Structure formats: C-alpha cells, structure tokens
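Let's take a friendly walk through this structure, from a single residue up to a sheet and a few helix pairs. Keep the 3D view open as you read.

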Amino acid sequence: MTNEVFTVQAPRLCRVRADSSPDGDLFPLDSDGFLSVEHMVAPPGTEVTPGVLAAPSDVAREGATVLLGEPGAGKSTVFRSLVQELPMWDDQALAEGADHCVWVDGPDLTAATWDTILGRHLARLPSLTVGQNPARGTGCMTVVIDQADESEICRNLPSYFKRCLRNKDARKLRLLVACRTGDYPPDLTRVLHDVFGSCSLVDLAPLSRADAVALVDSAAVSGEQLISEVVALRAGALASVPLTLELIVREYRDSGSLRGSAKELFEDGVRLLAQEYDPYRLPTPVQATTWQQRLEVAGRIAARLVLSGRRTLWRGSPREGRPSTTDLDVGTLAGGTEQTSGCQAFAVSPTVVGEVLSTGLFTASGHRRVAFRHSSLAAFLAAQHLISRSVTDAALRRLFLIGAPDQETAGIPLSLRETAAWLVALAPHRTRWLASADPESLTMHSGLVDADNVRELIVRRLLERAADVEFGEARWQQTRWVLGHPGLVHQLAPVLALDPADFDDWETRAKAGVALTLAEQCPAPALAPLLLKVAADARWPADNRAHAARAAFVCDEALAAPALNDVLTTLGSASGTDPGHVLRGALLTLLWPRHLHTATMLSTLIELPIGDRYGTYEHFVAALPANCSESEVPCLVRWLVRAVKEHAAESHGRRKRFTADRLVSDMVDRALSALDAESLLPYLAEIVTARMVSHEKVEFPHALNPVTSDGLEPATVRKLRRDLAHALLVQGLSEGQPMHYFVWLVVREWEPRRRGFGEEHDRHGDRHMLLDSGDFPWALKTAADFADNPEVADAYARLAGVVFSPQKREHFELAYQNQDNP
C-alpha cells in the first residue's frame, strides 16, 4: 500500500445549505485562499442552521447527508472517518443484528450493477405499507456512496432512490453521499427529504491555514515554512485542498524548496507519484522503466480513460467476472511505442503497463480494479499527453466540443471540463478557442489557468454570454472563480456604470449580475469605489445592491465600512427599495460588530421577521444570540423586551414566525447562560410572559437542563430555574394576569427543546416544564414566606396546587402539616 504522507487527520468543517441552489455567500476565506479563522462554528449540542459551519460528524449523525466538494477536497477521507468503527456488511465476523456499513464506489454503480451493489441492501428495509417495524435486534445500516459524480447513473440517482425507498421505513438507515459540486443532481435533495424527513446538503470547507500547517508538520516538514512559500507563489488555494497539499509536500520533501506556479506544482507532484511504487502491487522488484517512461504511459492511460468516458481499469480474467461499462481492460493498454521528452522511443509492453499501475499514481478501486489516485491526476496527465503528441486543433475540437464549434451552442462535456482547463493551462496559445467557446466550464477550474490573456478572454466571454450564463444548468456558480488579471477593473467598470433604467432588458441585467460576481470573486481595491456607488444607488435592485456591498467589502474593507454605514442609514422602515430586507441583512452582516456599534445595529432592526421567509435579514436576526459577546447580552435582552411587546399583537396565530421564535428561544437561553443571569430575570420574565399570553411558546432553555454525571440537577441550576419562575409570577401579577390560569402557563407553556446534532452525548436532561412535582415543597414553603404579601402568597399557593402530585403520599403529608399555609 502506498505510504501515507500525512500521519494526522485535520478536523474538517462543512457548511449547511438552505437548499440545492447556489448560495450567495461562499466560505469565508482569508486573503491567501485558506478558510478564515473568523468563521463561526456551531458548537456541539446546538441546532445546525443554514450557512453555519459544523463538524461533519454532527451533521451526518443520522438520516441523509450529501457532502459536496471539488476534486481532492477530502470527501472520501471524511466519510471514512465517519464509518471507521463500523464493520462492512460482508465482514465474516459481523454479528447478526449489528450495525454495519455498505460502502459503494461511484464508478462501480451503474444501471447494470445497481441491484447487486446497492439495491438488494435497500430492499431489506422494512416496508411501511404492511405496518412492518424494524425488529429490536436489527442493527442500523450506513450506506456510503463515494464519488457519486463518477457513476454513469449520477443524474438518475433521484429516480433510483425514489423507486427503491418508496414505502420503506428508513429509520435505521443512514445515507452518506459524496459528490463533486458541479455534478450534483438537485432533485436528489427533495427525494431524500421525502424519505428521511430531512436531508442535510453540505459543502466541505477548505483547510484553514492552521490545519494545513498541522498536516505538513505531520509529514516531517516545517509546516509554517512550507505554507509561507506556497503563499508567496500565490498558490495558497492549492494548499487548502488535501490532495494538492499532498503533492506540494512531496515536491518540497524531495527538493527542499518550491518553484514555479500551480501548474509546475502539479507537474512536480505527478513526477514524484510516478517514482513511488506500491510494494504490495508491484509484481517484481526489478524496474524495467524510468520514471519518465512511466509518466508517458500514465498519460496514455489517462487519455484513454478520460476520452472514452471510463473510470477504472479491469485487471481480472474471464473466470473472475466481466468488466463493466466504466472499465477499460488492462490487456488493451499494451502495444506500440511511446517516447519521452528526450525523443527516446520505448515499447509499451505488459510489463511496462504493470509497473505504471503499481506507482503511486494509481490505487485499488474494487475487486480486480485499479484507478487513478484521483480524477484530477487523470485530467492533468491526459491533457499533458494530448499536448505532447501535438494533436491537431481540429481533432481537439471534435473531442472537446459538443455541437458546431463555430456556434454559441458548442460546449465542453461535463466529464472533460477539468481536462479542458488543463489544456488551456498547459498550452494557452493553442487552446484559446476553448475559453471562447465555453467560458462557464473553464470557470469551474479557473485556478489552473494562470495566463492573464486567457483569463481576460474568459471574463470577456462571460460578460458577452451573461444572459445564458445566468440561466445555465451547470453548477459552475458554486465554485470559486480565480480570474483576476491586470485588466479586470477596465473590463468591469463599464458594466458597473450601467443605467438601472435599462435593466428591463434581461441581457443587461444579467451582465450586471455576472460583473458583480466577478468583482466579489476576484477582488481588486480599484473596484471598491465603483461597487460602493452601486450599493448606494437606490435605482439598482436590492439584490444587486447587496451583492455590490459584499463585493466592495471584500475589495477594500477599510474604504467600504464607512460608506456602507451611510447606506444603512438611508434605509427607512418602508421596504419599497429593499423588498425582503435583502440589502439591510447584507449590510448588517458585513458591518456588525467590527464596524457598527450594537446599539446602532439594534436601532436598524425594524421588525421581528415574520412568515416563512428566511433570507439574509432573517439569518442575521436569528443568529444574534450566538454572535453577541457576553457584555452585549443585557443590551440585546432589553431590546428584545421592546420588540416582543411591539409585535406580540401582530401574530395571534395568523402567521408563522419561525425566525422570531428562534430568536426569542435562543436569546432567553443565552441570557440564562450569562454570568449575570440573575440580574436579567425581570427582563426575561417580560419576554416570556408576552409570548405566553399571546399563545406563543418558548423553547425550554438548555441552560436550565444540565445534569451531573449521576443524572441529578445541579443546585445552582435548580435555584436559577425557580428564580425564573418567581420572576414570571411577579411579572404576571404586575400585569394583572388571572393567576389561576397564568400559573399553568408558567409551569407548562414551554416548547420541548429540539434535540440538535450530537446532543445525545451531552449531559442534559429531558425537562420540558419549568416546574414539576419535585418543586412542590419549595412552592409550599415560599407561599408561607410571603405571608405578609397576600398577592404573591396566593400566586405560590396556586403554583403549589399545579405541581402537587396525587400519586405522592409525601405531598399529602406535607400539605396536611401546612394546613395554615395560604
């Protein structure tokens, strides 16, 4: 087995999406292309909401999870870590009824193999139609589909799952799907949601700089020194991806330094892999080839695989089975000659092919099959092979473009896009026609193209084809664009100066949208003034203004912050120029807390979100409790008192208020977790009372639910819980609430807290009422303590009556002993 470069595994994070459509906000990256240290991570025990970063183990604990990411991002490694403790379904030592895993490699999953590889396992799930329930001794089954994008039926997976899981009880099924972002079929989310009740669609985040340094350090290389050199070469984006980071480390370990661009880094990486043998797969210790020869043959194999739409190499005999439609028979690879760059020809014999397949470029991929270590390596080597063989432009056009090459409809097939990007990177002077014909496809892999003139061409064609680009089916929008070049500002300036009065024309409106995306993805300080003018111009649509604000902030934060503060002050309470509060939400997210005081921020929150809408404004408001500092909690609580009272009369059950409910519940919980929680209880009582009398429940606070290792309630928590009950009674009396009814609300009018991912390992109880029968002695004693205050004493007496348990004899005895108690 090929030696592993990294001896530790970096803790990965993923971002939860709201749906399967492209999101406006990408991962927060630093200026070097690593995951920013300022990202917000959902802590264990909290609900993972859209847009928040979380550990994959928290998101994929149950149900269906789809993990999206670009090639080499580490999706397979993440899933292996999630199921490493589970035995495989065909393990001879697997006990009956035990939890197990079914691992499916995407290239093996075809129309012909579906039933054999996966369908038969799903067929064993109990049926709902006959009322069949999972047996108590039946273990949970985890199904992993790795590299789903490399399955020939990837686009048809929604229909396959819909058919196989119809009327099936999926409670003991966990499904994990890894797919390249651009190839994901969006309908799969809906199908899995219907089956499991929910489907977590998440993007795998790139490595942070600290993670990359830790990985490099584990390879016996100075991580900080290497990453600093990578950043100096403007190749930080490569180091944020595990696959390419591994190639960089191999080069650095071999030569002691880095040189060249991202293209050179890849070239050096595959050279090192061609020199590395797998001793378990090498048939003979005698090497018949040089590394240069092995690299040439690997390029031939890559071209055969990529251009024929194959994924794996079949090494079996007729007695061991038959190759699938995605297999290329190894026996067909030998024959003819190849030549190295020194023009030295050599015969490609079966022995030569065997040595090539035993290098680090290849890895096992199922029974009697091998494949390239990653599809990115195959794409690079295939492009390099085509260039070195001087394949004519006419032949390349026939291979890489679907449709007439001289028409706008010509495009690059999905499976060839990365190879096409490498063709442009390796020979930009010969392949500009690819960038002109299908700029969207090359945008998915624009980080590989470092020629400024080609980037300029891609940008120009994106703007010219903007109407088609915005309506395109390809998921190129979800990838980060690396198209910066010296002339970018000159290209975008005329578009950013367009007259919004012309936006009735779709082509003009689409061109503005593409230009704003380019400005955000390829920031340049000179673009900031132009973008700020767009953000401040009320004639522009609100979504474009919000986009311009985000782009300006990325281009020049110091210049943008005060200007965007001014824009925020121009937004009145009316939503005529900002429907859905899209712009307001974007500005608040950018400015608070670093560039906007909390008091000023709260004054701009014009309403508690209502209805089912969940956009940037709603997300900002809902996340306030998690994002505010300890010192800001009292200020937010006092604001919420006013906001809840002002809006309490608007609901009356007429409209759903998901975001407002989330805000109130989380803010109450956050306040009760604060160091000065006791001082905030009167304010919390006002908030909770206003909700209760409006028949709107508050989730039972997590802060009042912890238990010790023995399962007991800590004394400090018990005191805080009872103090909150006292504050509620006092508030109810001050408002003249009918106490015979109000005490019932205090005790019971709480929403059971929704269990978040990972909470089964959290030391918290299952309490969902503020008081219970265990609080009867306290209520009875407190009623007596307030004998000189008849109103409060009567309230506690009624409270004692609510928590009194007829089933407990000690309650009868205690009540009998306190007959004089109010």
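## A buried serine

Ser-218 is buried, with a relative accessible area of 16%; the cut-off for that label is under 20%. Please keep in mind that everything here comes from a predicted model. Ser-218 belongs to helix α6, which covers residues 209-218.

Which residues does Ser-218 touch, leaving aside its neighbours within four places in sequence? They are Val-5, Phe-6, Thr-7 and Val-8. In sequence Ser-218 and Phe-6 are 212 residues apart, yet their C-alpha atoms are 5.6 Å apart in space.

## The protein as a whole

Zooming out, the protein has 36 helices and 15 strands. Of its 822 residues, 54% are buried. Among contacts with a separation of 6 or more, 72% join residues 24 or more positions apart.

## A sheet of seven strands

Now to one sheet. Seven strands form an open sheet with mixed pairing, in the order β2-β1-β7-β3-β6-β5-β4. Which strands stand at the edges? They are β2 (53-54) and β4, each with a single partner strand, so one side of each has no neighbour in the sheet. Helix α2 (residues 75-82) packs on this sheet and touches β3, β4, β5, β6 and β7. The direction of α2 makes about 165° with that of β6.

Strands of a sheet pair through backbone hydrogen bonds, in either a parallel or an antiparallel sense. The table lists some of the pairings here, together with an example of residues that stand opposite each other.

| Strand pair | Sense | Bridges | Example partners |
|---|---|---|---|
| β4 (residues 100-105) and β5 | parallel | six bridges | Val-102 and Val-143 |
| β5 and β6 (residues 173-180) | parallel | five bridges | Met-141 and Leu-173 |
| β3 and β6 | parallel | six bridges | Ala-64 and Leu-175 |
| β3 and β7 (residues 199-204) | parallel | five bridges | Ala-64 and Cys-199 |

Ala-64 of β3 is a handy place to look: its bridge partner in β6 is Leu-175, and in β7 it stands opposite Cys-199. Further along β3, Leu-67 has Ala-178 as its bridge partner in β6.

## Two enclosed strands

Two of these strands deserve a closer look. In a regular strand the side chains alternate between the two faces of the sheet.

How many of the six residues of β3 (residues 64-69) are buried? Six of the six are, so β3 is largely enclosed by the rest of the structure. Ala-64, Val-66 and Leu-68 point one way from β3, while Thr-65, Leu-67 and Gly-69 point the other way, and all are buried.

Strand β5 (residues 141-146) is likewise largely enclosed by the rest of the structure, because six of its six residues are buried. On one side of β5 sit Met-141, Val-143 and Ile-145, and on the other Thr-142, Val-144 and Asp-146; both faces are covered. The charged residue Asp-146 is thus listed among the buried residues of β5.

## Two helix pairs

Two packed helices are described by the angle between their axes and the distance between the axes. Here are two examples to set side by side.

Take helix α3 (residues 114-123) and helix α4 (residues 157-164): their axes come within 10 Å and cross at roughly 40°. The two helices are therefore oblique to each other, and α3 passes α4 in a right-handed crossing. On the α3 side the contact is made by Trp-114, Leu-118 and Leu-122, and on the α4 side by Leu-157, Tyr-160, Phe-161, Arg-163 and Cys-164. Seven of these residues are nonpolar, none is polar and one is charged.

Helix α23 (residues 542-555) and helix α25 (residues 582-591) pack at an angle of about 15°, and their axes are 8 Å apart. That is why α23 and α25 count as roughly parallel to each other, an angle under 35 degrees being the cut-off. The crossing of α23 past α25 is right-handed. From α23 the contact draws on Ala-542, Asp-543, Arg-545, Ala-546, Ala-549, Arg-550 and Phe-553. From α25 come Val-582, Leu-583, Ala-586, Leu-587, Leu-590 and Leu-591. By type, the residues of this contact divide into 10 nonpolar, no polar and three charged.

Definitions and conventions
Residues are numbered from 1 along each chain as its sequence is written. This is a predicted model: local features need pLDDT of at least 70, side-chain atom pairs count only at pLDDT 80 or more; totals for chains, interfaces and linings use all residues. Side-chain values use heavy atoms; hydrogens and water are left out. Axes are lines fitted to C-alpha atoms, for helices over the stretch in contact, and angles run from 0 to 180 degrees between N-to-C directions. Helices (H or I, at least four residues) and strands (E, at least two) are DSSP runs, numbered from the N terminus. Angles under 35 degrees count as roughly parallel, over 145 as roughly antiparallel, 65 to 115 as roughly perpendicular and the rest as oblique. A crossing is left-handed if the near helix is turned anticlockwise from the far one by less than a right angle, and right-handed if clockwise. Contact means heavy atoms within 4.5 Å. Buried means under 20% relative accessible area, exposed over 50%, partly exposed in between (1.4 Å probe, protein chains only). Two strands pair if DSSP finds at least two bridges between them.
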